[in-house]
Amino acid sequence: MFDDSRIVLSARHLQLMEKSKALGFTMASDLYTGSLLRTIASSKPGGHFLEIGTGTGLSLSFLVGGMDESSSVISIDNSEEFQQPAVEHFKDDKRISFFCGDGGEWIQNYKGKPFDLIFADAWPGKFNLRNETIGLLVPGGFYIIDDLLPQPNWPEGHAAKVDVLIGEMQNDPRLNITMIHWSTGICIAVRK
Ligand SMILES: C[S@@+](CC[C@H](N)C(=O)[O-])C[C@H]1O[C@@H](n2cnc3c(N)ncnc32)[C@H](O)[C@@H]1O
């Protein structure tokens, strides 16, 4: 039977959920998005990944769940409080690096290896500096964003910003994109 709600959660994910609840962190991506990230991460053995918006580490735990031993991920958040559970949980995993600070500054200053997958889950990299962020992908690299279908918590005026974002993505000649009417509304883009 087709059942897209059967998503296997790691013990680490369940622990991070508890910590997120205790912190009152409610901005995590849903489990569908997490499952998609895990699947795509596992398509890139030895991959180098970027997450903008660690939150408490819930989507990161899916990404890590899809990574092989030679893959690596950089995860960025400007809130030390939110990022702390993730830093603590992954402290012994050398494949994972954290940056705590402004994602926009980080994107503009990054001079390292390009990425095989970018999950842009904060304002910088999604609404701001998207061109620069997509410029950090290898050809064949994935750029993934969620929360594109109307959400009850969207502030006044946000829908118009999402419309502009979607229009720009659809017209970006560097990308092949698919919009998925599933989860919270996902755009999967691959750099040509
Ligand atoms: C949607 S939440 C991330 C959720 C996480 N990816 C998950 O699904 O579990 C967005 C995160 O972006 C962070 N953030 C907001 N503005 C930022 C900025 N300018 N630079 C870096 N991080 C930022 C917030 O602190 C928040 O934790």
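Here are some notes on the ligand site and on one helix residue.

1. Keep in mind that this is a predicted model, where local features need pLDDT of at least 70, side-chain atom pairs count only at pLDDT 80 or more, and totals for chains, interfaces and linings use all residues. Numbering runs from 1 along each chain as its sequence is written, and side-chain values use heavy atoms, with hydrogens and water left out.

2. Start with the ligand's neighbours. It is surrounded by 21 residues (a heavy atom within 4 Å counts as near), and Ser29, Gly53, Asp77, Gly103 and Asp121 are the closest. The shell splits into 8 nonpolar, 9 polar and 4 charged residues; Gly is classed as polar here.

3. Next, the N and O pairs (a polar contact is such a pair within 3.5 Å). The side chain of Asp77 has an N or O atom 2.6 Å from a ligand oxygen. The side chain of Ser59 puts an N or O atom 2.8 Å from a ligand nitrogen. With Asn78, a backbone N or O atom is 3.1 Å from a nitrogen of the ligand. Of the 600 Å² of accessible area that the ligand has on its own, the protein covers 87% (Shrake-Rupley method, 1.4 Å probe).

4. Away from the ligand, have a look at Met169, which belongs to helix H7, residues 158–170 (a DSSP run of H or I, at least four residues). Is Met169 buried or exposed? Met169 counts as buried because its relative accessibility is 2%, and the cut-off for buried is under 20% (1.4 Å probe, protein chains only).

5. Finally, Met169 and Thr184 sit 15 residues apart in sequence, and their C-alpha atoms are 17 Å apart in space.

Note on methods. Polar contact = N/O pair within 3.5 Å; in protein donor to acceptor, adjacent residues only side chain to side chain. Helix = DSSP H or I, 4+ residues; strand = E, 2+ residues; numbered from the N terminus. Buried < 20%, exposed > 50% of the residue type's maximum accessible area, 1.4 Å probe, protein only.
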